[in-house]
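Here are a few exercises on side-chain contacts and surface exposure. Grab your viewer and try each task before you read its solution.

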Amino acid sequence: MRTMFDRLFFGRNGFDQLNAALVVLAVLCWVISLLVPIRGLANLFHWGCLLAAAVCCVRAFSPNLSRRQMENQRFLALTRGFRLGHNWRNKMEQRRQYKIFKCPSCGVKLRVPRGKGKIKVTCRQCGATFEEKS
């Protein structure tokens, strides 16, 4: 079965991040179309589901790899903020554990553990040393 799918998608775009988002959109539209009591609105969501699924299939089987990759890169650039939400949480967690300073000479960010008192910080980039309270 695996070799059959490999042969089917050889030279094709296949499944990328934009296609994954289109599948999620199609499923959401389908669920909403089942839950909405207004028939016209339900039909609209149903057609949205079909459209998203059709675009996903066309993109997956498309032999025009460069164009599909450009579309995927644009999608990734547009959704960068949403996808990096977990990085924001990691940064906030690090802020609790580390104190972040800027080097006065070159401006690079340096991080030192909190609660060590007054310490001497040496910049990794320019070698400048300065004293800060952690």
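**Exercise 1.** Work out in which helix E93 and R96 lie, and how many residues apart they are.

*Solution.* Step one: find the helix. Both E93 and R96 lie in α6, which covers residues 85-97. Step two: check the spacing. They're 3 residues apart, about one turn of the helix. Step three: look at the contact. The closest N and O atoms of E93 and R96 are 2.6 Å apart, and the cut-off is 4 Å, so the pair counts as a salt bridge. Keep in mind that this is a predicted model.

**Exercise 2.** Classify E93 and R96 as buried, partly exposed or exposed.

*Solution.* Start with E93: its relative accessibility is 35%. Buried needs under 20% and exposed needs over 50%, so E93 lands in the partly exposed class. Now R96: its relative accessible area is 58%, so R96 is exposed.

**Exercise 3.** Find out which residues are joined into one network by salt bridges that share partners.

*Solution.* First, the total: the structure holds 4 salt bridges. Next, take R59 and E71, whose closest N and O atoms are 2.9 Å apart in a salt bridge. That pair ties together distant parts of the chain, with R59 in helix α3 (residues 39-60) and E71 in helix α4 (residues 65-78), 12 residues apart. Then go to R68, which also forms a salt bridge with E71, again with 2.9 Å between the closest N and O atoms. R68 and E71 both sit in helix α4, 3 residues apart, or about one turn of the helix. What about burial? R59 and E71 are buried, and R68 is buried as well. Put the shared partners together and the network reads D16, R59, R68 and E71.

**Exercise 4.** Locate F15, and say which surface patch it belongs to.

*Solution.* Begin with the chain: F15 is in the loop between α1 (2-8) and α2 (17-35). Then check exposure: with a relative accessible area of 57%, F15 is exposed, because the threshold is over 50%. Finally, collect the patch: F15 joins V23, V27, W30, V31, L34 and L35 in a nonpolar surface patch with about 700 Å² of accessible area together.

**Exercise 5.** Count the aromatic pairs, then find what lies over the face of Y98.

*Solution.* With ring centres required to lie within 6.5 Å, the count comes to 0 aromatic pairs. For Y98, look at R111: it lies over the ring face, at 3.9 Å from the ring centre.

Methods
Residues numbered from 1 in each chain as written. Predicted model: local features only at pLDDT ≥ 70, side-chain atom pairs only at ≥ 80, totals over all residues. Heavy atoms only, no water. Phe/Tyr/Trp six-rings, centres within 6.5 Å; stacked < 30°, edge-to-face > 60°. Lys NZ or Arg CZ within 6 Å of the ring centre and 35° of its normal. Patch = residues over 30% accessible without salt bridge, like charges linked within 9 Å, V, L, I, M, F, W, Y side chains within 5 Å. Areas by Shrake-Rupley, 256 points an atom, 1.4 Å probe, with all protein chains shown as cover. Salt bridge = Lys/Arg side-chain N within 4 Å of Asp/Glu carboxyl O. Helix = DSSP H or I, 4+ residues; strand = E, 2+ residues; numbered from the N terminus. Buried < 20%, exposed > 50% of the residue type's maximum accessible area, 1.4 Å probe, protein only.
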